[in-house]
Amino acid sequence: MKLSNLLLFVLPVIISVIFTYFTYVNLLTVWIAFGVWLSMVVGFFIFINYYSVSKRSKKYYMPLAGKIQNYRIASFVTSFNEDPKIVESTLISVKNVTQKYGKVFLLDDSTNEEIRKELENFCKKNDIIYFHRENRKGFKAGAINEALKKIEDSFDLVAIFDADQRPLEGFFEQVIPYFSDPKVALVQIPQNYTETYTKIAQGAKYQQEPFLRIIMRGRSGYSAFSLGSGSVFRISALKDVGYFAEYSITEDAATSIKLNEKGYKTVYADVGLIWYGEPPEDLSAYLTQQSRWSFGYFQLLGEMLKSNLSFSQFFDYFSGFLYWVKEGPITILEFISPIIFLSLRIPIVKINPILYVLLYIPYLIITIVLFSFSVKEKGEYGLKGFYYHQVVEYLEFYAITLSFISWIFRRKIPFKVTPKGVVSRNFKLIIPHLIFIILLSLSDILGIIWYLTSTSIILKAAIIVNIFWSTYQIPFLLGGILASRTYNIEKPKYTEIVSK
């Protein structure tokens, strides 16, 4: 554990505690005051890291050509009770790109006997090695580790693909040259959401754009991490760090930390070599995905703190942790603060509202402008992308908060595959959003009445600030509800890929 990394970890809390001490009004609301300051401080830390990474991303480049070495490659396709037709099409795609270099393996942990038998028969007919376990120890990481220990001496590299991620022809021809550097342990190809036939799916795709086009580019060769699919690892490096981390449900990121602290390079090759990908199609699937990702990243905190990562590497990983905290419990505190102030007329923070506006609004504008310009340069994001991005992030706050609580109390949540192919409209999932829309709207009305009856300029300014923050959140919450109830985009019929 590095002292500098530990200091960075506690710094947001220390700063927020200091600001809270000098501005809290009473002990009943001190925890909300702390949440308000923590929100701003965490947001600032995330922005600083994003700015740093975006500057690094401007220096990002990919070599135009490289030497194709004679590596032996094992391609793993992982599956757990997936639609057999989707898995089979992926297997054919993976086989087409792998056959010159090695073998394809299906790591099937399916508990559905019909699915298991169909996939096993398909593998036998297509010269694909089928692995099945009777237990799911370590979930996906456990399946990969068991397979690696059986084949590690026969192959140099292992490529991992999810059941719905299909590589394009020439995949390995573009990936292999990176491994001419013996310190490169991982080459990650961006995942590609192509099946965006619902509003939720479109939002999930836009949400990935800043991450894939800016953050991962800026972290390439330094602190880029495996995304779980489209990942190619040097097997000797995996063996050096004790294989995949089975203690985390985001085994990909946990393993990447172990590789980085050992001095290995993790490369991100931002090229479209995955041509098919299914995002979560409905709110249930989206919340399942985000809950799993956030819980896994919360689990990583201990690994980060005790690691030997450099300060900059630690900051990159720690910012991911801060992001999930901000999108979960901190978001709820951002809802609660204006509601209490405007509805109950109970002050939360003792600060001159005019000074707050003069200091915070320029910062807010600068961060939004810099973020918008950085993403605009890298793809089709725009105003629509920003709105959809914010909409899905506002949908996830309570699911992430539940994951945070589970992590705090050391509860284990079972690994769940993001549901695919079935779109549902579970009304219960949007109840928290409806409640906050009602409370925020009511607070706005009560705030306007309070403003009209107040004679203090300072109080009027405070009311306006709180009405602004209360109102700002409503369009995104409402947009999330509408997106979760709208499935009028026609999805084309599934076409099976037939091997030539």
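Helices (H or I, at least four residues) and strands (E, at least two) are DSSP runs, numbered from the N terminus. The exercises below concern a predicted model, in which local features need pLDDT of at least 70, side-chain atom pairs count only at pLDDT 80 or more, and totals for chains, interfaces and linings use all residues. Residues are numbered from 1 along each chain as its sequence is written, and side-chain values use heavy atoms, with hydrogens and water left out.

**Exercise 1. Place Ser-229 and describe its surroundings.**

Step 1. Start with the location: Ser-229 is in the loop between α7 (199-219) and β7 (231-234).

Step 2. Is Ser-229 buried or exposed? Its relative accessibility is 1%, so Ser-229 counts as buried (buried means under 20% relative accessible area, exposed over 50%, partly exposed in between, with a 1.4 Å probe and protein chains only).

Step 3. Now look for contacts, meaning heavy atoms within 4.5 Å. Setting aside neighbours within four places in sequence, Ser-229 touches Ile-160, Phe-161, Asp-162, Gln-165, Gln-188, Ile-189 and Gln-191.

Step 4. Zoom in on Asp-162: its backbone nitrogen lies 2.8 Å from a polar atom of the Ser-229 side chain.

**Exercise 2. Do the same for Leu-273.**

Step 1. Leu-273 sits in the loop between β8 (265-268) and β9 (274-276).

Step 2. With 3% relative accessibility, Leu-273 also counts as buried.

Step 3. Beyond neighbours within four places in sequence, the contacts of Leu-273 are Arg-166, Pro-167, Leu-168, Phe-171, Gln-174, Val-175 and Ile-189.

**Exercise 3. Work out how α15 (residues 431-453) packs against α16 (residues 457-485).**

Step 1. Take the axes, which are lines fitted to C-alpha atoms, for helices over the stretch in contact, with angles running from 0 to 180 degrees between N-to-C directions. The axes of α15 and α16 come within 9 Å and cross at roughly 155°.

Step 2. Hence α15 is roughly antiparallel to α16 (angles under 35 degrees count as roughly parallel, over 145 as roughly antiparallel, 65 to 115 as roughly perpendicular and the rest as oblique).

Step 3. Inspect the contact: residues from α15 include Phe-436, Leu-440 and Trp-450, while those from α16 include Ile-463, Ile-467 and Leu-477.

**Exercise 4. Find the relative direction of α9 (residues 251-261) and α10 (residues 283-306).**

Step 1. Their axes come within 10 Å and cross at roughly 10°.

Step 2. That makes α9 roughly parallel to α10.

Step 3. Ala-253, Ala-254, Ile-257, Lys-258 and Glu-261 of α9 meet Leu-300, Glu-303 and Met-304 of α10.

How values were computed: Polar contact = N/O pair within 3.5 Å; in protein donor to acceptor, adjacent residues only side chain to side chain.
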